[in-house]
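Reader: I like to know the reasoning behind each label in a structural description. Could we go through a few of them together?

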Amino acid sequence: MSKFFVITGEASGDLHASFLIKEIKKILPESRFYGVGGKRMKKEGVELFFHIDKLSIIGFWEVLKKMGSIKKILRSLVEKMRSMKPDVLILVDSPGFNLRLAPFAKSFGIKVIYYITPQVWAWGAWRLRGMYKNLDIAIVIFPFEKKLLSSYGIKTYFVGHPLSDEIKLVRNKGEFCRIHRLNPAKPIVALLPGSRKEEIKRLLPLMLKCARTITNKKQDTQFILPTISGEIETMLSPDGAIKVIFEETPDSINCADVAIAASGTVTLESVFLETPCVIIYKVSLLSYIIGKRLVKLPFIGLVNIIGGKEIVPEYIQFSIRTDEISNRVLRILDDRLYSENIKKELSKVKMALNRRGASKNAAEIIASEIRAIGITKVSKKDSDLFRKTVKKNEKRALFAKFD
């Protein structure tokens, strides 16, 4: 029986990890899973040490404010790895935390596998050295990542993007509209402020302001807000102008004519569903200044990065103008040719990513690695050196800057 630790710090990672775990259990049915995640991982039978709410933080300043609690979680997980001795540590996204955990696992003789690796092609290339030292294998979801990581000597597999399998439509647009009392003949705009609390607090008020502007110019527009949290309703006015829809994000995006979306995984969902969107994003001033210096890419949205050009409009930090965003949304709604051109470009990006069976492919790689190499622990012949190595790693990680 294999024992897995699976660690992620955000909602998208929880989703991807849950599909991976499901596939691993098909191949290795006696496996046990423990870790950090959300309700989707819990549903797959993972015993959670911490919920993703404790780690789902965006921005440099925001992380610094919660550094104390993050370090406590890190210490706790290190002790759990030390005492429980899992066979495999699977890290899913969340590099600011996960890359601090990897050296400990190596010290304990635990196999380290990174699924959905840090986006070192965007920024943080210095992480590659640590990844080379501390990872047994990397499993990547973008084709160009394999070439990059392999060039640094990291054993890397490309499996495709998991969203191509994870996005499952339950209802067609007509049925969705009937159930949620929407008129399919009238425009529908989806508001997608992200899953992290900080994102929602910063972006939802801007989106609501856009919604009011759009309504003033096009009164029959309908607005939907798909979410997984009931807390979001407290930020809305009680007039019912925004229809909150729980646990139906793919169907909501598919139903919408256009979305106003936070930069992140949700923009890729719009790609796979070929729904035009307008991207907005805002972080704290300090986080923005630091990020501006570190990130050298011309775009922030994955759809534009992969496409190599601005396929959908982006409004970031100081460029955010709710009137301009509203006008872009209205143009997509009113200008059919403009909307169709965006959909064609989204389709091209979708084809580049649409390798089916990503979670299954990743599970088979993990299972084959375990069977081929076997699960062996590091010898404790030199126990003093072992303890020194662990202590050194702990000190380095606990006092390092998180991002």
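Author: Gladly; what follows is a set of questions about the labels, each answered from its criterion.

Reader: Before the labels, how confident is the predictor in this protein?

Author: This is a predicted model, and its mean pLDDT is 86, with 87% of the residues reaching 70 or more. Confidence is highest in helix 15, at 97, and lowest in helix 18 (residues 383-398), at a mean of 46. Two stretches stay under 50: residues 375-387, with 15 contacts beyond four places in sequence, and residues 393-403, with 30 such contacts.

Reader: What makes strand 1 and strand 2 a pair?

Author: The criterion asks for at least two bridges between two strands. Strand 1 (residues 3-7) and strand 2 (residues 32-37) are joined by five bridges and run parallel, so by the criterion they pair. Among the facing residues, Phe4 has Phe33 as its bridge partner, and Phe5 stands opposite Tyr34.

Reader: Which order do the strands of the sheet take?

Author: The seven strands follow the order 3-2-1-4-5-6-7 in an open sheet with parallel pairing. Strand 3 (47-51) and strand 7 (156-158) are the edges: each has a single partner strand, so one side of each lacks a neighbour in the sheet. From one strand to the next, the twist averages 15°.

Reader: Why are Phe4 and Phe33 called a stacked aromatic pair?

Author: Two steps lead there. Rings pair if their centres lie within 6.5 Å, and planes under 30 degrees apart count as stacked. By this rule the protein has five aromatic pairs. For Phe4 and Phe33 the centres are 5.0 Å apart with 10° between the planes, so both conditions are met. Phe4 belongs to strand 1 and Phe33 to strand 2, so this pair ties together parts that are 29 residues apart in sequence. There is also an aromatic cluster formed by Phe5, Tyr34 and Phe49.

Reader: How do you know whether Phe4 and Phe33 are buried or exposed?

Author: Buried means under 20% relative accessible area. Phe4 has 0% and counts as buried; Phe33, at 5%, counts as buried too. Strand 1 is mostly covered, with four of its five residues buried.

Reader: What makes Lys22 and Arg331 charges over a ring?

Author: One part of the rule is distance: NZ of Lys or CZ of Arg must be within 6 Å of the ring centre, and the direction must be within 35 degrees of the ring normal. Lys22 lies over the face of Phe19 at 5.3 Å from the ring centre, and Arg331 lies over the face of Tyr338 at 3.8 Å. Both distances therefore fall within the 6 Å limit.

Reader: What is notable about the backbone of Ser94 and Gln317?

Author: Ser94 has a phi near 45°, a positive value in a residue other than glycine, and Gln317 has a positive phi of about 50° although it is not a glycine. Ser94 sits in the loop between strand 4 (88-92) and helix 5 (95-107), while Gln317 is in the loop between strand 13 (314-316) and helix 15. With 12% relative accessibility Ser94 counts as buried, and Gln317 is buried at 7%.

Reader: And why is Thr322 called buried?

Author: Thr322, in helix 15 (residues 322-334), has a relative accessible area of 11%, so it falls under the 20% cut-off. Beyond its neighbours within four places in sequence, Thr322 is in contact with Leu206, Lys209 and Cys210.

Terms used: Residues numbered from 1 in each chain as written. Predicted model: local features only at pLDDT ≥ 70, side-chain atom pairs only at ≥ 80, totals over all residues. Heavy atoms only, no water. Helix = DSSP H or I, 4+ residues; strand = E, 2+ residues; numbered from the N terminus. Axes fitted to C-alpha atoms, helices over the stretch in contact; angles between N-to-C directions. Buried < 20%, exposed > 50% of the residue type's maximum accessible area, 1.4 Å probe, protein only. Contact = heavy atoms within 4.5 Å. pLDDT = per-residue confidence, 0-100. Phe/Tyr/Trp six-rings, centres within 6.5 Å; stacked < 30°, edge-to-face > 60°.
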